[in-house]
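Welcome! Please take a look at the sequence and the structure below, and then we can walk through the binding sites together.

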Amino acid sequence: MADLNFYSGTMDCGKSTLALQMDHNHRARGRVGRVFTSHDRAGTATLSSRLGLSVPAIEVDDTFDFWQFTVGELTHGGRIDYFVCDEAQFYTVEQIDQLAKITDELAIDIFAFGILTDFRTKMFPGSLRLTELADRVNTLQVEALCWCGKRATHNARTEDGVMVTEGEVIVVGDVDAPERPARQVGYEVLCRRHHRRRMTAATAQAAALSPDVLPFE
Ligand SMILES: Nc1ncnc2c1ncn2[C@@H]1O[C@H](COP(=O)(O)OP(=O)(O)O)[C@@H](O)[C@H]1O
Ligand SMILES: Cc1cn([C@H]2C[C@H](O)[C@@H](COP(=O)(O)O)O2)c(=O)[nH]c1=O
């Protein structure tokens, strides 16, 4: 019996690293898989982790049909035991339905990885469908932290360092870190309270330094 597994967490909590580890461990035991991704920061058809590892992957765009792909591979004598699917939040609802069908009808294990919610705190349709259909939904154990030290639960988008709540849903980007200063469009993981208050590390620091503002924390 194969399973449809969904691993979720905020940006920068280690999903792609786990995806690479999962692929490595299954391959090391002689299982044969395929690796998929969509809009990876490192470029098309690549699954990359911030720890520096990356592998070639099959790029999933909106027209990609998992069922047709799989039947095609198997019909031509290919063997497939598992799929690793990174950035699964960007997959369409139809593509997630295809993954569920592949698990049930073709006994292929699926390991899907993605963020649950976008910068507006709304579920990505692909992640919603995975949550609805998966045999197991797992939250990553490594917690990304808000600047206040609490567990980060939400992804904020910043433009020139300022948090925004309107715009295109898909904008490829990275979390801003000290060695990666705020760019035009960046992301920051926050706890719910600071996401609600639109308080990023930069705005909190500015408020703390301002003589006009009373301490709020
Ligand atoms: N220099 C580093 N040393 C140790 N761990 C790091 C370093 N840089 C990044 N990481 C780890 O990598 C994680 C991000 O991994 P990644 O797989 O790219 O995340 P995701 O796919 O969830 O966005 C961080 O949460 C952190 O634990
Ligand atoms: C919140 C949010 C994120 N994105 C993009 C930004 C990154 O390119 C990926 C997430 O990658 P990670 O490996 O989990 O860090 O998603 C987006 O397009 N829209 C959003 O709202």
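How do the residues of the shell around ligand 1 divide into nonpolar, polar and charged? Please keep in mind as we go that this is a predicted model.

## The shell of ligand 1

The answer is 3 nonpolar, 5 polar and 3 charged residues in the shell around ligand 1. By name, the residues around ligand 1 begin with the run Thr10, Met11, Asp12, Cys13, Gly14, Lys15, Ser16 and Thr17. Ser49, Arg50 and Leu51 complete the list.

## How ligand 1 is held in contact

Both backbone and side-chain atoms come into play here. Lys15 places a polar backbone atom 2.8 Å from an oxygen atom of ligand 1. For Ser16, a backbone N or O atom is 2.9 Å from an oxygen atom of this ligand. Thr17 takes part through its side chain, with a polar atom 2.7 Å from an oxygen atom of ligand 1. On its own, ligand 1 exposes 580 Å², and the protein buries 62% of that. The space that ligand 1 takes is the largest pocket.

## The shell of ligand 2

Let's turn to the other ligand. Ligand 2 is surrounded by 20 residues, and the closest are Lys15, Arg50, Phe119, Val169 and Val171. Sorted by class, this shell has 10 nonpolar, 3 polar and 7 charged residues. Lys15 and Arg50 are also among the residues around ligand 1.

Three side chains are worth a look if you are setting up a contact list. The side chain of Lys15 has an N or O atom 2.8 Å from an oxygen atom of ligand 2. Arg41 likewise has a side-chain N or O atom at 3.2 Å from an oxygen atom of the ligand. With Arg157, the partner is a nitrogen atom of ligand 2, 3.4 Å from an N or O atom in the side chain. Ligand 2 has 490 Å² of accessible area on its own, and the protein covers 99% of it. The space taken by ligand 2 is, again, the largest pocket.

## Two domains and what lies between

How is the chain divided? Domain 1 covers 4-139 and domain 2 covers 154-209. Their C-alpha centres are 27 Å apart, and the contact takes 14 residues from domain 1 and 19 residues from domain 2.

Why does ligand 2 lie between domain 1 and domain 2? Each of the two domains gives residues to the shell around ligand 2, so the ligand lies between them.

Conventions. Residues numbered from 1 in each chain as written. Chains lettered and ligands numbered in written order. Predicted model: local features only at pLDDT ≥ 70, side-chain atom pairs only at ≥ 80, totals over all residues. Heavy atoms only, no water. Near = heavy atom within 4 Å. Polar contact = N/O pair within 3.5 Å; in protein donor to acceptor, adjacent residues only side chain to side chain. Areas by Shrake-Rupley, 256 points an atom, 1.4 Å probe, with all protein chains shown as cover. 1 Å grid on protein atoms, 1.4 Å probe; cavity = no way out; pocket = protein on both sides within 12 Å on 5 of 7 lines; lining within 4 Å. Sits in = over half its atoms within 2 Å of the grid points. Nonpolar A, V, L, I, M, F, W, Y, C, P; charged D, E, K, R; others polar. Domains from an automatic or database assignment. Contact = heavy atoms within 4.5 Å.
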